[in-house]
Amino acid sequence: MSNDKKLNLVKILFGIYCILIVWIILFKFSLSINDITGLDKIRNINLIPFYYSNEVSGHFKEVLENLLIFIPFAIYLKMLNKDNEKIILYGLIFSLVLEISQFIFKLGATDITDLITNSMGTVIGVYFYILLEKIFKNSKLVGTGKKVPTGNATWKSIIFNEKPTPVKVKNAIT
């Protein structure tokens, strides 16, 4: 698969992922218009981080889900060769747009905790990608003793199920 095709595939998958995020966060997996209309709902906003007015269990689960859902956001953007700082900024902006949309359209509670945890998920995604690059850069194929090719080509080639291109080495003795 050519690099242009790979890049286009990643862009398409990233677009699908973003649509799913909007569906999950704004529409809560709903398929019915009646379930998502906010006419009878009250706008709710919480600007105190990690504060919950009604102490109900499940807040840890919500925080963890918010972290996990934004990890792929960073991974996709790293695969599109974006800078770490820009990726984190894009994650913050995307999360902010989702939270503001929840408030404007009465589709859920706008919460600063969600903004923080979504942004932290983006940061974790950036470092997870960097960690994977380092792992595959220095690893060896099991049982062969041969080094795996370095850099992005390594684990991207694993994702796209391609064989690494062998490097030709000239003989030192002429």
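In the predicted model, helices α3 and α4 pack at an angle of about 140 degrees, and their axes lie 10 Å apart. With an angle between 115 and 145 degrees counting as oblique, α3 and α4 are therefore oblique to each other. The crossing of this pair is right-handed. On the α3 side, the contact is made by F70, F73, A74, L77 and K78, which meet N84, I87, Y90, G91, F94, S95 and L98 of α4. Sorted by class, the contact of α3 with α4 comprises 8 nonpolar, 3 polar and 1 charged residues. The loop between α3 and α4 contains N81, a residue other than glycine whose phi is nevertheless positive, near 65 degrees. Most residues other than glycine have a negative phi. The relative accessibility of N81 is 53%, and N81 therefore counts as exposed, the threshold for this class being over 50%.

Helix α3 also packs against α1. The angle between α1 and α3 is about 160 degrees, with the axes separated by 10 Å. Since angles over 145 degrees are classed as roughly antiparallel, α1 and α3 are therefore roughly antiparallel to each other. The crossing in which α1 passes α3 is left-handed. From α1, the residues V10, L13, F14, Y17, C18, I21, I24 and I25 take part, and they meet I69, F70, P72, F73, Y76, L77 and M79 of α3. The contact of α1 with α3 consists of 15 nonpolar residues, with no polar and no charged ones.

A further helix pair is formed by α1 and α4, which pack at an angle of about 35 degrees with their axes 10 Å apart. The crossing of α1 and α4 is right-handed. Residues C18, I21, V22, I25 and L26 of α1 meet F94, L98, S101 and Q102 of α4. By class, the contact of α1 with α4 divides into 7 nonpolar and 2 polar residues, with no charged residue. Several residues recur among these helix pairs: C18, I21 and I25 of α1 take part in the contact with α3 and in the contact with α4. Likewise, F70, F73 and L77 of α3 take part in the contact with α1 and in the contact with α4.

The largest nonpolar core holds 24 residues, of which F14, Y17, I21, F70, F73, F94 and L98 touch the most other members. Two or more residues are given to this core by each of α1 (3-27), α3 (59-79), α4 (84-104) and α5 (112-138). The largest share, 9 residues, comes from α3. The surroundings of F94 link three of these helices. With neighbours within four places in sequence left aside, F94 is in contact with C18, I21, V22, F70 and F73. Of these partners, C18, I21 and V22 belong to α1, whereas F70 and F73 belong to α3.

Helix α5 includes I124. Apart from neighbours within four places in sequence, I124 is in contact with L67 and I71. The C-alpha atoms of I124 and P72 are separated by 9.5 Å, although the two residues are 52 residues apart along the chain. At a relative accessibility of 37%, I124 counts as partly exposed.

A second residue with positive phi is F50, which is not a glycine and has a phi of about 55 degrees. The position of F50 is in the loop between β1 (44-46) and α3. With 46% relative accessibility, F50 counts as partly exposed.

At the level of the whole chain, the model has 6 helices and 2 strands. Along the sequence, these elements follow the pattern α-α-β-α-α-β-α-α. Of the 174 residues of the protein chain, 34% count as buried. Among the contacts between residues at least 6 apart in sequence, 67% join residues at least 24 apart.

Conventions. Residues are numbered from 1 along each chain as its sequence is written. This is a predicted model: local features need pLDDT of at least 70, side-chain atom pairs count only at pLDDT 80 or more; totals for chains, interfaces and linings use all residues. Side-chain values use heavy atoms; hydrogens and water are left out. A nonpolar core is a set of buried Ala, Val, Leu, Ile, Met, Phe, Trp, Tyr and Cys residues joined through side-chain atoms within 4.5 Å. Buried means under 20% relative accessible area, exposed over 50%, partly exposed in between (1.4 Å probe, protein chains only). Helices (H or I, at least four residues) and strands (E, at least two) are DSSP runs, numbered from the N terminus. Contact means heavy atoms within 4.5 Å. Axes are lines fitted to C-alpha atoms, for helices over the stretch in contact, and angles run from 0 to 180 degrees between N-to-C directions. Angles under 35 degrees count as roughly parallel, over 145 as roughly antiparallel, 65 to 115 as roughly perpendicular and the rest as oblique. A crossing is left-handed if the near helix is turned anticlockwise from the far one by less than a right angle, and right-handed if clockwise. Ala, Val, Leu, Ile, Met, Phe, Trp, Tyr, Cys and Pro count as nonpolar, Asp, Glu, Lys and Arg as charged, and the others, Gly among them, as polar.
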